[in-house]
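I opened this notebook to record what surrounds the ligand and how the strands beside the ligand are arranged. The entries follow the order in which I looked things up.

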Amino acid sequence: MTPTWIDFKTHNDGDGSLVAIEGGKTIPFDIRRVYYIYGTEPASVRGFHAHRQLTQITVPVSGACDMLFDDGKTKISLRLNRRNRGLVIPPMIWHEMSNFSPDCVLMVLADAAYDEADYIRQYADFLRHIQSKSQ
Ligand code: T46
C-alpha cells in the first residue's frame with residue numbers, strides 16, 4: 001500500500017503564506033463537502049471506519065496528528081504535519097487518527113455529501129468486504 005500525498009503550492013509574500021486548493025485542478029475531484037476536526041485532546045482517537053465509495057483528502061491546517069492506514073493486509077502509520085500537504089484517503093481504507101497536537105485542526109475535503117450508509121464502522125465487516133472483493 002503506497003499512500004498518495006498531494007503537495008500544494010504555497011504563496012509566500014513576506015506577510016504570511018497562502019495555499020489555494022481547487023477541486024478538479026489541485027486535487028483530482030470536485031469538492032462536495034468540507035469539514036474540520038479540532039479541540040481534540042492528545043489522548044483522543046477518532047476514525048475507526050472505512051468508506052465504501054468516498055474519497056477524501058486531509059490537510060492539517062494547524063498542528064499535527066497521526067493517521068493509521070489499514071487496507072486489510074498492511075497497516076502503516078503516517079504523520080500529518082505540513083500545512084501545504086494533503087493525504088488522500090481512498091475508499092476501503094480503515095483509518096484511525098491519534099496523537100493530536102493541542103493546536104491540531106484537521107481539514108477534510110470530500111468528493112460526496114455525508115452519508116452514514118457509506119461507512120463501515122465494524123472492523124470485522126471491513127475485513128469481510130476486503131476478502132469478498134479479492135475472491
Ligand atoms: C473520516 C474521518 C477522517 C456529520 O453530520 N456530517 C459530516 O460530514 C461528518 C464528517 C460527520 N457528521 C457527524 C456524524 C457523527 O455524529 O459528526 C459526528 C462525528 O463523526 P465521526 O464520528 O464519523 O467523526 P470521525 O472524526 O471519527 O471521522 C471523520 C469523518 O466522519 C470520516 O468520514 O474519514 O473524519
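Entry 1, the shell. I began by asking which element gives the largest share of the shell around the ligand, and I found that strand β5 does, with four residues. I note here that the model is a predicted one, and I read every value below as computed from that model. The elements that contribute two or more residues to the shell are β4 (33-37), β5 and β10 (94-98). When I counted what surrounds the ligand, I arrived at 13 residues, and the closest of them are R33, R46, Q56, H95 and Y119. Sorting the shell by class, I got five nonpolar, five polar and three charged residues.

Entry 2, polar contacts. I next looked up how oxygen atoms of the ligand are placed against polar atoms of the protein. For R46, a polar side-chain atom lies 2.7 Å from an oxygen atom of the ligand, while for G47 a polar backbone atom is 2.8 Å from a ligand oxygen. For Y35 I noted a distance of 3.3 Å between an N or O atom in the side chain and an oxygen atom of the ligand. I then checked the area: the ligand taken alone exposes 650 Å², and the protein buries 68% of that.

Entry 3, the pocket. Which pocket does the ligand take up? I found that the space taken by the ligand is the largest pocket.

Entry 4, the sheet. Since β5 and β10 both appear in the shell list, I looked up where these strands sit, and found an open sheet of five strands in the order β8-β7-β10-β5-β12, with antiparallel pairing. The edge strands are β8 (75-80) and β12 (119-120), each of which pairs on one side only. Between β5, which covers residues 46-51, and β12 I found two bridges, and these strands run antiparallel. H51 stands opposite Y119 of β12, and I had already listed Y119 among the closest residues to the ligand.

Definitions and conventions: Residues are numbered from 1 along each chain as its sequence is written. This is a predicted model: local features need pLDDT of at least 70, side-chain atom pairs count only at pLDDT 80 or more; totals for chains, interfaces and linings use all residues. Side-chain values use heavy atoms; hydrogens and water are left out. Two strands pair if DSSP finds at least two bridges between them. A residue is near a molecule or strand if one of its heavy atoms lies within 4 Å of it. A polar contact is a pair of N or O atoms within 3.5 Å; within protein, one must be able to donate a hydrogen and the other to accept it, and residues adjacent in sequence count only if both atoms are side-chain atoms. Accessible areas come from the Shrake-Rupley method with a 1.4 Å probe; for residues, only the protein chains shown count as cover. On a 1 Å grid over the protein atoms alone, a cavity is a set of points where a 1.4 Å probe fits but cannot get out, and a pocket is an open set with protein on both sides within 12 Å along at least five of seven lines; lining residues have an atom within 4 Å of a point. A molecule sits in a cavity or pocket if more than half of its atoms lie within 2 Å of its grid points. Ala, Val, Leu, Ile, Met, Phe, Trp, Tyr, Cys and Pro count as nonpolar, Asp, Glu, Lys and Arg as charged, and the others, Gly among them, as polar.
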